[in-house]
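Visitor: I'm new to this one. Could you walk me through it and tell me how the labels are decided?

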Amino acid sequence: ESPSSASSMESAVVLIDPITDWKQVIDAAASLGLVVIAVQLPAEALPAKFQPFLPTTFALQEAGVDHVLSVEQRDVFSITQQLQILAIDFNLNLMGVIPLSEIAVEVSDCVASCLGLPHNILDRVTARRDKGMMKSAVESAGLRIAKYARVASMQDVNDAMSRLSLCYPIVLKTPAGMSTTDVFICSSNQEAISAITSIIGNTGPDGRRVEKALLEEYIGGVEFAINLMAFSSRDNNTPPRILVTDVWKYKKTKQARYGQAEICNPADYPALLTYATNVAEAVGVQVGAAHVELKAEEVQGGSFANPVMIEVGARLSGGRKSIMTQSAVQNWNPFEALIQSHSMQTCQTNPQNTNFLTPTKFVRHIFLPILKRGRVANIDLEVSSLATLHSSAMIVKVGDIVDVTTDIVSCAGFVWLVGDRDQVDKDTDAVMSSFVLSVIDA
């Protein structure tokens, strides 16, 4: 290649399966002067409740994507080949490959490796998707995990519970699930049988047939999400720097499991931060975003200890957490940082004198549940007068046939508030008192 053609090359970033915060990542790429290539993975296998979150090819182009590749299967060779052809045809210098969904995690690392671009450790790629392999890697690093076993029948469940000295409640889940889908907290044999029937022999959220479920010890305590960004240098002798970008504490409800999530000051949770960064290192995270979901025990004085991983995702977390963190933390752009991390470029907003970012505003994410199965007859939600309203989204509409909320993506909708803590509390009360979802028998 001649020097003149090399100098005229445009830098480009590849977004695999753009779902989570895709508009914000596209905008960040544009602000960095990058050409954007989107690779759409096949969506046919996704459960119907995920479909509304998928952007169309037209929506991606309208938002600023320069090139869209729609592939029929997650074929690493084919995707790599198409990207290389595109780069030659349009004189592009590919800088990084970024996963924007859970099913894109392993594809992105493999494609990036084939392209000679920054990627997470390949021999732990399964540990970043399969919850059993994940626990094995974390346990091998000397960190506490929940007891677990792979099971294919109720006989396996009973044998594993006896072998691991477990009693109900237990957790049964699809090993490579996502977004709390196919996760069942079982308090009896009957509930366990129902969960096994729902999982085994069916297609998982990632489109693969599920041959075995994962049985896990149920861990009590308070659930947290610890979001991270890993920065590596081109010096292989220097370990990656993992920055804690935001910490969220969940408030659960018995009916719908998730009620609220609120941002926390990371400085108040040193044990959780250490554990989360160690988990990310254990599963081979070296570039890009990661989020560690864990439970911890509240101890005397209001602090939390004895963290145990639920799972780790090597991507941006959902629920608009990165968007809300950008609103709460001064001089932080998580989407530019994500791109710069995956392309090993210097991150201008990456503070060097701290291991975590501190929010200056309070944020709360409110989950609006569906408590009855049937047809939606009416929806009431008043948000226009809220002083701290950041955004809201209603997923269901009048006329829809709905099921009772069992996970995050089966909620009726969401409200995000940001501002002074006292005002957010007042606005939260206003949201909860105004929300009415009328459901009639279908």
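**Strands, helices and their labels**

Guide: Let's start with one pair of residues: Gly374 has Val402 in strand 17 as its bridge partner. This is a predicted model, where local features need pLDDT of at least 70 and side-chain atom pairs count only at pLDDT 80 or more, while totals for chains, interfaces and linings use all residues. Residues are numbered from 1 along each chain as its sequence is written, and side-chain values use heavy atoms, leaving out hydrogens and water.

Visitor: How do you know that strand 15 and strand 17 pair?

Guide: Two strands pair if DSSP finds at least two bridges between them. Strand 15 (residues 374–380) and strand 17 are joined by two bridges and run antiparallel, so they pair. Strands here are DSSP runs (E, at least two residues), helices are runs of H or I with at least four, and both are numbered from the N terminus.

Visitor: What makes strand 17 and strand 19 stand at the edges?

Guide: The open sheet has three strands in the order 17-15-19, paired antiparallel. Strand 17 (401–402) and strand 19 (436–440) each have a single partner strand, so one side of each has no neighbour in the sheet.

Visitor: Why is helix 7 called oblique to helix 8?

Guide: Helix 7 (residues 154–163) and helix 8 (residues 189–199) pack at about 125°, with axes 10 Å apart. Axes are lines fitted to C-alpha atoms (for helices, over the stretch in contact), and angles run from 0 to 180 degrees between N-to-C directions. Under 35 degrees is roughly parallel, over 145 roughly antiparallel, 65 to 115 roughly perpendicular, and the rest oblique. That angle therefore makes helix 7 oblique to helix 8.

Visitor: Which residues make the contact?

Guide: Contact means heavy atoms within 4.5 Å. Helix 7 brings Met154, Val157 and Asn158, and helix 8 brings Asn189, Ala192, Ile193 and Ile196.

Visitor: What stands out about Ser165 and Pro169?

Guide: Ser165 has a positive phi, near 60°, without being glycine, and the peptide bond from Tyr168 to Pro169 is cis, with omega near 5°. Most residues other than glycine have a negative phi, and most peptide bonds are trans. Ser165 sits in the loop between helix 7 and strand 6, and Pro169 lies in the loop between helix 7 and strand 6 (170–173).

Visitor: How confident is the prediction?

Guide: The chain's mean pLDDT (the predictor's confidence in each residue, from 0 to 100) is 92, and 94% of its residues reach 70 or more. Among its elements, helix 1 (residues 3–7) has the lowest mean, 49, and strand 4 (residues 92–99) the highest, 98.
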